[in-house]
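Visitor: Please pick one part of this model and take me through it closely. Then show me how it ties into its surroundings. Keep it brisk.

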Amino acid sequence: MRGLRGTVSRWFDIPEDALGAPRVILSGSTQATIENAGAILEYSPGCLRVRVGANEVAVTGERLRIRSYTGAALCVEGSVERVELCQGVRRPL
């Protein structure tokens, strides 16, 4: 935990992900849910990149499709091969 978010999390005994940090839930290799999701930066059947605060979460695989997307979470289904957290600026996959 770093910075103000980590401090507030410790002071109030609140999980840091409740304060906007990236949280990814995998259901086997067929579904990934990204909580605190922001803008979709890239979307294709092989790659999904989503802004989460100052970071990005990248999901790569095959036949990826967005099942649902709310203001709080994005659910992607398909053959999920890799999930990557890119802190700060985008790094190549």
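Guide: Start with R63, which counts as exposed at 61% relative accessibility. The model is a predicted one. R63 is found in strand β5. R63 is not a glycine, yet its phi is positive, about 55°. So what kind of strand holds this residue? β5 spans residues 55–69 and runs antiparallel to β6, with 11 bridges joining the two. Among the elements of the protein chain, β5 has the highest mean pLDDT, 96. Helix α1, residues 3–12, has the lowest, 73. The protein chain averages a pLDDT of 85, and 85% of the residues score at least 70.

Stay in the β5–β6 pair. V59 stands opposite V83 in β6. V59 also touches V83, and its other contacts include I34, G46, C47, L48, L64, V76, V80 and R82; residues up to four places away in sequence are not counted.

Several of those contacts belong to the core. The largest nonpolar core has 12 residues in all: A32, I34, A37, L48, V50, V52, V57, V59, L64, L74, V76 and V80. At least two of these residues come from each of β2, β4 (47–52), β5 and β6.

Now widen the view to the sheet. Six strands form an open sheet, in the order β1-β2-β6-β5-β4-β3, with antiparallel pairing. β1 and β3 (40–44) stand at the edges with a single partner strand each, so one side of each lacks a neighbour in the sheet. From one strand to the next, the twist averages 35°. In general, strands of a sheet pair through backbone hydrogen bonds.

Cross β6 and you reach β2. β2 and β6 (residues 73–86) run antiparallel and are joined by five bridges. I34 stands opposite L74 in β6. Both I34 and L74 belong to the largest nonpolar core. β2 covers residues 31–35 and is mostly covered, with four of its five residues buried.

T33 is found in β2 as well. T33 has a relative accessible area of 17%, so it is buried, the cut-off being under 20%. Its contacts are R23, V24, I25, A73, L74 and C75, again leaving out residues up to four places away in sequence. One of them, C75, is itself buried, with a relative accessible area of 7%.

On to β1, residues 23–27. β1 pairs with β2 in the antiparallel sense over five bridges. L26 has A32 in β2 as its bridge partner. The two strands form a hairpin with three residues between them. G28 sits in that turn and has a positive phi of about 65°.

A second positive phi to check is at N36, about 65°, and N36 is not a glycine. N36 lies in the loop between β2 and β3. N36 is partly exposed, with a relative accessible area of 26%. R63 in β5, by comparison, counts as exposed.

Last, the cysteines. Why does C47 form no disulfide? The closest cysteine sulfur, in C86, is 9.2 Å away, which is too far for a bond when the cut-off is 2.5 Å. The disulfide count comes to zero. C47 counts as buried, at 7% relative accessibility. That closes the loop to β5, where V59 touches C47.

Methods:
Residues are numbered from 1 along each chain as its sequence is written. This is a predicted model: local features need pLDDT of at least 70, side-chain atom pairs count only at pLDDT 80 or more; totals for chains, interfaces and linings use all residues. Side-chain values use heavy atoms; hydrogens and water are left out. Buried means under 20% relative accessible area, exposed over 50%, partly exposed in between (1.4 Å probe, protein chains only). Two strands pair if DSSP finds at least two bridges between them. Axes are lines fitted to C-alpha atoms, for helices over the stretch in contact, and angles run from 0 to 180 degrees between N-to-C directions. A nonpolar core is a set of buried Ala, Val, Leu, Ile, Met, Phe, Trp, Tyr and Cys residues joined through side-chain atoms within 4.5 Å. Contact means heavy atoms within 4.5 Å. pLDDT is the predictor's confidence in each residue, from 0 to 100.
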